[in-house]
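Please open the structure in your viewer and keep the selection tool at hand, since this tour moves from one group of side chains to the next and says what is there at each stop.

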Amino acid sequence: MDCSVRASFPEGKTRNKYNQCCCSGQRRTRQHQCTKRETTEQEPTPNMASSSCCCRCKIPPIIPLFVFFLLVSSSFRPVRSSETGDPHARNQTFRPGDELQSLKTIRERLDKINKPAVKTIQSPDGDIIDCVLLQHQLAFDHPRLKGQKPLDPPERPGGVNTNGMGAEDFQLWSMSGETCPEGTIPIRRTTEADMLRASSVRRFGRKRPRRRVRRDSTSNGHEHAVGYVSGDQYYGAKASINVWTPRVSNQYEFSLSQMWVISGSFGDDLNTIEAGWQVSPEQYGDNYPRFFTYWTTDAYQATGCYNLLCSGFVQTNNRIAIGAAISPTSSYHGGQFDITLLIWKDPKHGNWWLEFGSGILVGYWPSFLFTRLRDHASMVQFGGEIVNSRTGGFHTSTQMGSGHFAGEGFGKASYFRNMEVVDWDNNLIPLPNLKVLADHPNCYNIQGGINRVWGNYFYYGGPGRNVKCP
């Protein structure tokens, strides 16, 4: 299938109009033919790879306590009970009555999550995409939204690039050429197999709450390489993230790259809004990188969920399926493909909107969902996270980002670039005083920088287990 690609390379590189883009190494079943647009950039300062990529394809000092808590609380799920010695291990024997009740609970939950479709699309990766009427999506089961319609687009932050539109067809399901009709949204169908893979049917689609604050994340197996800003009032954040297909060692581990918009005292009132890409065999049943969202208003205890698995996020876009696989992805020494995400607070109504690319609104989190984030955020964080189950007593070989350390640079390491925040006057501004942190630098590390093309950026990631990370 023909495609057009806007690819970016480090400054000093000339992109020929007819060069072929390296899409064939994306671990996909289809081959893509891409053409790069010609552009020439200035030579960068030493050791600063200044590059961007936007793809369209049709087929330290003492770290504050709250940063460490965030690194712990932002994890997707705990290490398996069988790995931690929990007597309630997943492989325990259930009585027949328990199994029947569990199946009944699963079916009731599926009936609630999967709304009637006006059209169904089969994705090449096995997903089923249901086109559901806007007003029938799960968000409108919420008592505060019943009988309402999605809101009109808000005022966008000042300083956002409005030249052209980002590609909406960046996911595998759209390669068939099928689309959802106007007035509907594409929703990845949740299956019984999805729920059976979860550690708890009751908490399916949610992260596990943290019972206490810890100074490090060693004990629960979650490891991070992140950049963050704090100490001010933030009304949104924006970044471009290149997408990879990191190796995940087993079903109970994951690898992700995302943005966090955060407020609260980092106790039970922690509020977060999150978006990015993740590889999670337990969540999705495969190893594709997938576009995802998350939110919570009580430190992951009883509120919030991934994607559209609870009443919360209101989707308005009929071309993007949250939770669906991303294609193409970046390749080592090959084409680099990134997604640009913007989260910001609508100054008029106070809702938090999500934009993909340049001008493509995905939807919004209603302001009434939140307590602390009803006003503004007190921290913004960007970066990668993995879970380390230490199978056999060794560190996991689950990769973060590209699976290569930050020092390898452009075309080899994963990156965040053009990171910005939204100020009180609804304007995008450069990050003030970006800090970087890797809690296990011999396994996964991070290196930050700034230049005129990429603005604030960092490379991050790593292979996990190696001679320095046994």
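## Charged pairs

Begin by selecting Asp127, which is buried, because its relative accessible area is 7%. This model is a predicted one, and that is worth keeping in mind at every stop. Add Arg290 to the selection, and you will find a salt bridge between Asp127 and Arg290, in which the closest N and O atoms are 2.7 Å apart. The two residues link distant parts of the chain, for Asp127 sits in the loop between β6 and β7, while Arg290 belongs to strand β13 (residues 290-296), 163 residues apart. Arg290 also counts as buried, with a relative accessibility of 0%.

Side chains of opposite charge can pair when their charged atoms come close. Select Arg188 and Asp194 next, whose side chains meet in a salt bridge at 3.3 Å, N to O. Arg188 counts as buried at 13% relative accessibility, and Asp194 is likewise buried, with a relative accessible area of 4%. Now widen the selection to Asp125, Asp127, Arg188, Asp194, Arg197, Asp286 and Arg290, which are joined into one network by salt bridges that share partners.

For another pair, go to Lys115 and Asp141, which form a salt bridge with their closest N and O atoms 2.8 Å apart. Lys115 lies in the loop between α3 (96-113) and β6 (119-122) and Asp141 in the loop between β7 (128-133) and β8 (184-188), so this pair ties together parts that are 26 residues apart in sequence. Which of the terms buried or partly exposed fits Asp141? With a relative accessible area of 26%, Asp141 is partly exposed, whereas Lys115, at 16% relative accessibility, counts as buried.

## Aromatic rings

The count of aromatic pairs comes to 20. One of them is Phe410 with Tyr415, and here the ring centres are 6.3 Å apart and the planes stand at 20°, so the pair is stacked. Phe410 is buried with a relative accessible area of 16%, and Tyr415 is buried with a value of 0%. Select Phe416 and Phe458 next: their ring centres are 5.1 Å apart and their planes are at 25°, so this pair is stacked as well. Phe416 lies in strand β20 (residues 414-422) and Phe458 in strand β24 (residues 455-461), so the pair ties together parts that are 42 residues apart in sequence.

To see an aromatic cluster, select Phe410, Tyr415, Trp454, Tyr457 and Tyr459, which form one such group. Then turn to Phe394, where Arg465 lies over the face of the ring, at 4.0 Å from the ring centre.

## The nonpolar core

The largest nonpolar core has 97 residues, and those with the most contacts inside it are Trp277, Ile343, Trp365, Phe382, Phe416 and Tyr460. Strand β19 (residues 377-387) contributes the largest share of this core, namely six residues.

## A buried glutamate

For the last stop, select Glu355, which is found in strand β17 (residues 352-356). Is Glu355 buried or exposed? Glu355 is buried, because its relative accessible area is 1%. Show Arg156 as well, and a polar contact of 2.9 Å can be seen joining the side chains of Glu355 and Arg156. Leaving aside neighbours within four places in sequence, the residues in contact with Glu355 include Val160, Thr340, Trp344 and Ile360.

Methods
Residues are numbered from 1 along each chain as its sequence is written. This is a predicted model: local features need pLDDT of at least 70, side-chain atom pairs count only at pLDDT 80 or more; totals for chains, interfaces and linings use all residues. Side-chain values use heavy atoms; hydrogens and water are left out. Helices (H or I, at least four residues) and strands (E, at least two) are DSSP runs, numbered from the N terminus. Buried means under 20% relative accessible area, exposed over 50%, partly exposed in between (1.4 Å probe, protein chains only). A polar contact is a pair of N or O atoms within 3.5 Å; within protein, one must be able to donate a hydrogen and the other to accept it, and residues adjacent in sequence count only if both atoms are side-chain atoms. Contact means heavy atoms within 4.5 Å. Rings of Phe, Tyr and Trp (its six-membered ring) pair if their centres lie within 6.5 Å; planes under 30 degrees apart count as stacked, over 60 as edge-to-face and the rest as tilted. A charge sits over a ring if NZ of Lys or CZ of Arg is within 6 Å of the ring centre and within 35 degrees of the ring normal. A nonpolar core is a set of buried Ala, Val, Leu, Ile, Met, Phe, Trp, Tyr and Cys residues joined through side-chain atoms within 4.5 Å. A salt bridge is a side-chain nitrogen of Lys or Arg within 4 Å of a carboxyl oxygen of Asp or Glu.
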